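Open the structure in your viewer and keep the selection panel at hand. The tour moves from one residue outwards to the sheets, and then to the whole chain and the contact between chains.

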Number of protein chains: 2
Amino acid sequence: MKEINGGVTAPKGFFASGIYAGIKKKRKDMALVYSDVPAKGAGTFTTNVVKAAPVLWDIKLTKESDNIQAVVINSGVANACTGEEGEKNNLIMAETVARELNIPVSAVYTASTGVIGKQMPIDIIRAAIPKLAKELDNSAEAGTLAAEAIMTTDTYSKQCAVSVIIGGKEVTIGGMAKGSGMIHPNMATLICVVTTDAAISKELLQEAVSEDVRHTFNMISVDRDTSTNDSLLALANGKAGNAGITEKNDDYYTFCKALNTVTTKLSKMIAADGEGATKLIEVTVNGAKTWNEAAVLSKSIISSNLVKTAVFGNDANWGRILCAMGYSGVDFDPYKVDLTIESEDGSLQLVKDGMSADYSEEFATKILSAKEVKAIVDMKQGTASATAWGCDFSYDYVRINADYRS
Amino acid sequence: MKEINGGVTAPKGFFASGIYAGIKKKRKDMALVYSDVPAKGAGTFTTNVVKAAPVLWDIKLTKESDNIQAVVINSGVANACTGEEGEKNNLIMAETVARELNIPVSAVYTASTGVIGKQMPIDIIRAAIPKLAKELDNSAEAGTLAAEAIMTTDTYSKQCAVSVIIGGKEVTIGGMAKGSGMIHPNMATLICVVTTDAAISKELLQEAVSEDVRHTFNMISVDRDTSTNDSLLALANGKAGNAGITEKNDDYYTFCKALNTVTTKLSKMIAADGEGATKLIEVTVNGAKTWNEAAVLSKSIISSNLVKTAVFGNDANWGRILCAMGYSGVDFDPYKVDLTIESEDGSLQLVKDGMSADYSEEFATKILSAKEVKAIVDMKQGTASATAWGCDFSYDYVRINADYRS
């Protein structure tokens with residue numbers, strides 16, 4: 001497997017564009033991804049009871065449509081809590097793209113991100129789509145423009161791509177994502193688009209992404225708020241020319257591994273760029289009884305405001321980590337737990353058998369001052385492991401969210 | 001029922017003291033509450049798997065001891081994640097108090113609050129207890145000293161008392177509590193001591209507090225972090241001279257109502273004084289299918305970082321409220337939900353049938369600028385109601401918790 005330049009336009013046959021339509025005040029706010037041949041579509045979506053109009057639309061298409069060729073995305077308005085008018089506007093967005101690209105409306109995924117409860121400025125959106133379609137391009141730069149256009153409070157765009165040999169053919173997977181706030185995904189992240197030229201059945205593509213998000217996007221948290229708009233959309237157009245993946249053979253697992261490389265990278269980028277974040281926190285729980293318990297424990301740690309503020313302050317207040325494990329709902333013996341922190345500046349054991357190890361606070365502070373900090377927990381109660389990603393909690397999270405709409 | 005001055009020393013036969021022992025740098029750090037006759041004891045405790053040594057001790061006493069006469073509390077060190085040495089130190093604290101007051105060690109509840117993972121400075125504590133016992137007094141001032149001595153990052157002490165007529169006798173209930181951070185109680189708050197001169201059986205006292213905390217302390221959240229040390233301890237010494245409450249008659253329900261007045265007031269004080277809080281937020285959910293659903297919904301709203309930062313910014317970003325309801329785990333029809341905000345500056349409907357009501361952002365900001373803000377949700381899907389309390393999320397929460405230990 002090798003990492004390659006670019007994002008959603010890296011696989012064969014994929015085009016993208018990103019423009020300023022006028023929904024937001026200044027920055028780019030509409031993106032389009034297009035496959036020049038019909039592709040299989042798969043998706044995972046928020047478990048929030050309050051689902052945005054585009055989420056409802058995509059869930060329907062994922063079930064019913066065998067041909068997905070485009071994803072249109074706007075930022076600035078989430079099209080959530082907008083009722084029938086919201087659903088109508090979402091359909092207009094999809095129809096306008098379908099007409100412009102000469103494809104069926106059932107081939108157009110939609111996604112929206114931004115303020116909840118405001119109706120879409122549908123005239124602006126409708127007017128911008130011809131330009132969006134005209135600027136479609138298969139260059140890496142076009143992929144970057146699209147990744148930039150879906151940003152809200154993100155401070156940088158997030159994309160990556162890998163290629164891998166499947167059945168003698170080079171298969172490429174690319175992806176872009178946006179995150180930043182209201183990030184505690186439960187089935188997918190805010191918005192992520194994965195493109196691939198792999199030939200794979202719709203069913204296995206769905207299974208691959210559904211399984212993958214459990215280990216990637218569902219393992220990150222910025223603020224424990226599961227959005228109304230979380231969507232991961234995957235398109236596979238078969239242009240790599242590999243023998244179609246229709247069973248769980250070696251080709252399937254090679255594909256899953258490559259997919260996981262892309263989604264893990266995007267997940268970590270989202271966590272590191274959480275609203276107000278100054279550093280990425282990676283928590284690995286080893287020695288748990290089951291994967292599920294390891295996942296719950298690591299996510300509970302990564303989600304704790306008190307852990308996050310301590311890491312922001314470079315303070316090795318490990319009691320907050322044990323506390324967050326204790327209220328996670330998992331039953332365990334606290335007096336078996338070991339805890340080590342790690343960064344480019346070194347590694348240090350803070351906790352041995354549930355109590356303070358003899359460690360230097362000064363060295364702990366040095367380790368925690370790095371841009372990427374790891375905490376490794378050993379439960380010593382089993383063999384299962386899981387990793388979760390989050391970020392620290394700074395003044396800027398408060399600043400950003402106290403006046404998000406102004 | 002009437003509210004009266006004071007706290008834990010308001011009921012007949014209760015004495016208290018609060019002193020500076022030297023555990024913390026400057027402020028008072030040890031408190032003692034004493035009943036001059038044997039009292040019934042009851043308690044509710046954290047559900048965190050990681051339980052502090054005093055919590056384990058109190059759980060045991062609550063089960064096994066029929067006579068509680070004292071509660072000794074230190075602030076500064078939580079005595080959690082301290083293993084056998086922690087349990088030994090806790091026992092030394094209880095034994096020293098027992099000896100000093102000439103009561104059995106099984107009559108002494110203990111509580112600790114502060115940093116997790118540090119061993120107790122037991123010599124300092126042991127040396128301070130004679131002074132603590134000597135200064136016991138039944139004045140309101142003594143109650144205040146005790147309430148001050150249990151504070152950590154609290155900015156003011158929390159106490160209150162009410163009296164009520166039960167069976168022709170005046171019965172008094174007093175209480176003190178501390179909160180501030182790591183506040184998302186699950187069975188009780190960080191530390192709350194309730195005293196009463198009511199004559200009531202141990203079983204009914206326990207039932208009354210267990211039922212009560214579901215509606216009071218368990219309905220507040222500052223930061224979603226359920227502490228290792230949450231304890232509510234109740235002592236009833238019977239000195240009011242009422243006919244003992246031994247069944248669920250009118251006297252019992254009168255007692256419960258008075259208890260609820262004390263605990264609701266303390267709960268609101270804790271929420272309002274959450275770390276960094278600039279205002280109290282009260283969320284009432286009406287029209288839910290069950291009380292449990294109403295409770296989960298209101299607590300989900302009050303716990304959302306995004307709701308809390310919006311309220312800090314006086315921003316009526318109601319989408320975040322619907323979003324927090326949506327990921328609470330309760331199933332409901334979002335397009336039936338109404339939402340109104342309220343404060344001393346007026347009342348304003350923001351949401352009608354799940355969508356934006358026609359409202360003035362300016363007026364909404366004015367309402368949200370008050371020191372106490374209410375959000376009233378009507379689910380229109382049933383008849384159950386619940387209320388939860390929390391606070392906004394300001395820069396100071398981050399400041400306080402980024403360098404809590406320094």
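Which residues does B:Ile166 touch, not counting residues up to four places away in sequence? Select B:Ile166 and show its surroundings: the residues it touches are B:Val171, B:Ala198, B:Asn242, B:Asp251, B:Thr254 and B:Phe255. The model on screen is a predicted one.

**Stop 1: around B:Ile166**

Colour residues 158-166 of chain B to see strand S6, where B:Ile166 has its place. Is B:Ile166 buried or exposed? B:Ile166 has 22 other C-beta atoms within 10 Å, so it is buried; the cut-off for that class is 20 or more. For a sense of distance, add B:Phe312 to the selection. B:Ile166 and B:Phe312 lie 146 residues apart in sequence, and their C-alpha atoms are 43 Å apart in space.

**Stop 2: strand S10 of chain B**

Now select residues 231-236 of chain B, which form strand S10. Six of the six residues in this strand are buried. Turn the strand to look at each face in turn. One side carries B:Ser231, B:Leu233 and B:Leu235, the other B:Leu232, B:Ala234 and B:Ala236, and both sides are covered.

Which strands pair with S10(B), and in which sense? Select residues 30-45 of chain B for strand S3, which runs antiparallel to S10(B) and is joined to it by six bridges. B:Ala42 is the residue opposite B:Ala234. Then select residues 191-196 of chain B for strand S8, which pairs with S10(B) in the parallel sense, also over six bridges. Here B:Thr196 has B:Ala236 as its bridge partner.

**Stop 3: a seven-strand sheet in chain B**

Next, show the open sheet of chain B whose seven strands follow the order S9-S16-S11-S15-S12-S13-S14, with mixed pairing. Its edge strands are S9 (220-221) and S14 (355-356), each paired on one side only. Within the sheet, pick S12 (residues 338-343) and S13 (residues 346-352) of chain B: five bridges join them in the antiparallel sense. B:Ile341 faces B:Leu348 in S13(B) across this pairing.

Add helix H6 of chain B, residues 250-272, which packs on the sheet and touches S9, S11 (280-288) and S16 (384-391). The direction of H6(B) makes about 45° with that of S16(B). Then add helix H10 of chain B, residues 361-368. H10(B) lies across S12, S13 and S15 (372-378), and runs at about 125° to S13(B).

**Stop 4: chain A as a whole**

Hide chain B and show chain A, which has eleven helices and 16 strands. Its C-alpha atoms fill a box of roughly 70 × 55 × 35 Å along the principal axes. The radius of gyration is 21 Å, which agrees with the value near 22 Å for a compact globule of 406 residues. Buried residues account for 63% of chain A.

**Stop 5: where the chains touch**

Bring chain B back. How many residues of chain A are in contact with chain B? The contact involves 53 residues of chain A and 53 residues of chain B. On the chain A side, the elements giving two or more residues are helix H8 (305-312), helix H9 (319-326), strand S14 (355-356) and helix H11 (395-402). H9(A) gives the most, with seven residues. Colour the chain A side by class to find 25 nonpolar, 20 polar and eight charged residues.

Notes
Residues are numbered from 1 along each chain as its sequence is written. Chains are lettered from A and ligands numbered from 1 in the order in which they are written. This is a predicted model: local features need pLDDT of at least 70, side-chain atom pairs count only at pLDDT 80 or more; totals for chains, interfaces and linings use all residues. Two residues are in contact if their C-beta atoms, placed from the backbone, lie within 7 Å. Helices (H or I, at least four residues) and strands (E, at least two) are DSSP runs, numbered from the N terminus. Ala, Val, Leu, Ile, Met, Phe, Trp, Tyr, Cys and Pro count as nonpolar, Asp, Glu, Lys and Arg as charged, and the others, Gly among them, as polar. The radius of gyration is taken over C-alpha atoms; the globule rule is 2.2 Å times the number of residues to the power 0.38. A residue is buried if 20 or more other C-beta atoms lie within 10 Å of its own, exposed if 12 or fewer, and partly exposed in between; C-beta atoms are placed from the backbone. Two strands pair if DSSP finds at least two bridges between them. Axes are lines fitted to C-alpha atoms, for helices over the stretch in contact, and angles run from 0 to 180 degrees between N-to-C directions.
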